[in-house]
2 protein chains.
Amino acid sequence: MQTALGMRTPAAPEPPVERPQYELIELFFFAYRDFVGDPDRTLEQYGFGRAHHRVLHFVERNPGLTIAALLDILRITKQSLNRVLKELLEKGYVEQREGLTDRRQRLLYATPRGRALAVDLACMQTKRIDRALAECGAGTEAAAKRFLAAMIEPADRPVVAQLAQHDDDLESRS
Amino acid sequence: MQTALGMRTPAAPEPPVERPQYELIELFFFAYRDFVGDPDRTLEQYGFGRAHHRVLHFVERNPGLTIAALLDILRITKQSLNRVLKELLEKGYVEQREGLTDRRQRLLYATPRGRALAVDLACMQTKRIDRALAECGAGTEAAAKRFLAAMIEPADRPVVAQLAQHDDDLESRS
DNA sequence: TCAGTTACGTCAGTGATGTTGACATATCCC
DNA sequence: GGGATATGTCAACATCACTGACGTAACTGA
């Protein structure tokens, strides 16, 4: 495939933004780097990478997730997913069960071991978040959630909202 | 360089987090994915990737940046940096000049073409940011900046602050 | 029931980005 | 002049993504 340099729409008007938000751009970069850096060090000890973390996280958060739904969340190809998922299965962090109504589906569940690791990783990230929120004034948490949610592509928000919905389910059960 | 994990005040008994901040963790993931996704599509047309974007961004923002300073910002090896930097040099998006006081140094500058691309990419990200901020209430911008800054590893904040300082220089000159 | 679609697995090859380790070169500083 | 510093480079490798093609089992509807 060739890069179609000459084919970019010349009529791209792109109303050129009042002033680039350099500060937020850079803060976002550094904050995210450190945010994912915490789990990275732990994952290394298990022979896992970030890809494994993402899979484990969403499976643990959404018991019974199908492969198709996971692919939709992660936005990677099934070949990419399969490699890391296979390792999580072999090492006993995730398990598959046959779909209840559709036997073609593989419903994914975190094993106790997988759940423990997922929670551990989530807690390290939570520590950084809580520390950050403690440094900031009250109301920062709500503002941060609003801002991050608004940064998400509108078309994708239903998917994200559905994951959050699932959070509510879990909470109301406890 | 090692992070002095073992040297933190032992009086911190690691209170194991009240409740995992699942919502913020997931929002952060999705928001960042879309935040970097915008430039990705443009970069592809130039045969560049995210690595090129990061280098170009910080060079454009900090004219005269040295290789060592850039390595410190990006936290990658010089071999990794060299590959992408070489491409940016060859394609004429960045240029090198001899250090003024130290002739071993290569001071990096964005060319006009490089500056144009860097600004273009920053503006696409700014559009998403501005749209998000417009959706949120007043005060969200300040809160978001506070939160993201607080998420950064304290030891790294001086570096980030120095970059922001440079922003101020540029502003006061304009 | 049979044909088409769907859900998933897998083989093979490639590319982008990161790593470690070793070594070369030019320059600075004492 | 000798050691440290700033940078460049060669080689090998790991991770995580991609495309394309093909296989299998199970659902679905005419």
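Begin by selecting α3 and α4 of chain A together with α2 (50–61) and α4 of chain B: each of these helices supplies at least two residues of the surface near DNA strand C in this predicted model. Extending the selection to every residue around DNA strand C gives 26 residues, of which A:Lys78, A:Arg104, B:Arg54, B:Thr77 and B:Ser80 come nearest. On the DNA side, sugar and phosphate account for 57% of the atoms of strand C that come within 4 Å of the protein. Colouring the protein side by residue class shows 4 nonpolar, 11 polar and 11 charged residues on the surface near DNA strand C.

Three individual residues deserve a closer view here. Centre first on A:Arg104, where a polar side-chain atom lies 2.3 Å from a base oxygen of DNA strand C. Then move to B:Gln79, which places a polar side-chain atom 2.6 Å from a base oxygen of DNA strand C. Finally, display the backbone of A:Ile67: one of its N or O atoms lies 3.5 Å from a phosphate oxygen of DNA strand C.

Next, turn to DNA strand D. Select α2 and α4 (78–90) of chain A with α3 (67–74) and α4 (78–90) of chain B, since these are the helices to inspect; each supplies at least two residues of the surface near DNA strand D. This strand is surrounded by 26 residues, and the closest are A:Arg54, A:Thr77, A:Gln79, B:Lys78 and B:Arg104. By class, the surface near DNA strand D divides into 4 nonpolar, 11 polar and 11 charged residues. Of the atoms of DNA strand D within 4 Å of the protein, 58% belong to sugar or phosphate, and bases make up the rest.

Which backbone atoms should be shown against the phosphates of DNA strand D? For A:Arg50, a backbone N or O atom lies 3.1 Å from a phosphate oxygen of that strand. At A:Arg103, the distance from a backbone N or O atom to a phosphate oxygen of DNA strand D is 2.9 Å. From chain B, select B:Ala68, whose backbone N or O atom is 2.9 Å from a phosphate oxygen of DNA strand D.

Now hide the DNA and display the two protein chains. In their interface, 66 residues of chain A are in contact with 67 residues of chain B. The area buried between chain A and chain B is about 6900 Å², and carbon and sulfur atoms give 65% of it. How many salt bridges cross this interface? The rule finds 10 between chain A and chain B. To see one of them, select B:Glu23 and A:Lys145, whose side chains meet at 3.3 Å, N to O. The count of residue pairs in polar contact between chain A and chain B is 24, with both residues at pLDDT 80 or more.

To trace the chain A side of this interface, select α1 (22–46), α2 (50–61), α3 (67–74), α5 (112–135), α6 (140–151) and α7 (157–173) of chain A, the elements that give two or more residues to the side touching chain B. The largest share, 14 residues, comes from α1(A). By class, the residues of chain A that touch chain B divide into 35 nonpolar, 7 polar and 24 charged.

For the last stop, show the aromatic rings. Over all chains, the count comes to 19 aromatic pairs. One of them is formed by A:Tyr32 and A:Phe35, a tilted pair with 5.9 Å centre to centre and 45° between the planes. Both A:Tyr32 and A:Phe35 lie in helix α1 of chain A, 3 residues apart, about one turn of the helix.

Conventions:
Residues are numbered from 1 along each chain as its sequence is written. Chains are lettered from A and ligands numbered from 1 in the order in which they are written. This is a predicted model: local features need pLDDT of at least 70, side-chain atom pairs count only at pLDDT 80 or more; totals for chains, interfaces and linings use all residues. Side-chain values use heavy atoms; hydrogens and water are left out. Contact means heavy atoms within 4.5 Å. Buried area is the accessible area (1.4 Å probe) that two parts lose on being put together, summed over both. A salt bridge is a side-chain nitrogen of Lys or Arg within 4 Å of a carboxyl oxygen of Asp or Glu. A polar contact is a pair of N or O atoms within 3.5 Å; within protein, one must be able to donate a hydrogen and the other to accept it, and residues adjacent in sequence count only if both atoms are side-chain atoms. Helices (H or I, at least four residues) and strands (E, at least two) are DSSP runs, numbered from the N terminus. Ala, Val, Leu, Ile, Met, Phe, Trp, Tyr, Cys and Pro count as nonpolar, Asp, Glu, Lys and Arg as charged, and the others, Gly among them, as polar. A residue is near a molecule or strand if one of its heavy atoms lies within 4 Å of it. Rings of Phe, Tyr and Trp (its six-membered ring) pair if their centres lie within 6.5 Å; planes under 30 degrees apart count as stacked, over 60 as edge-to-face and the rest as tilted.
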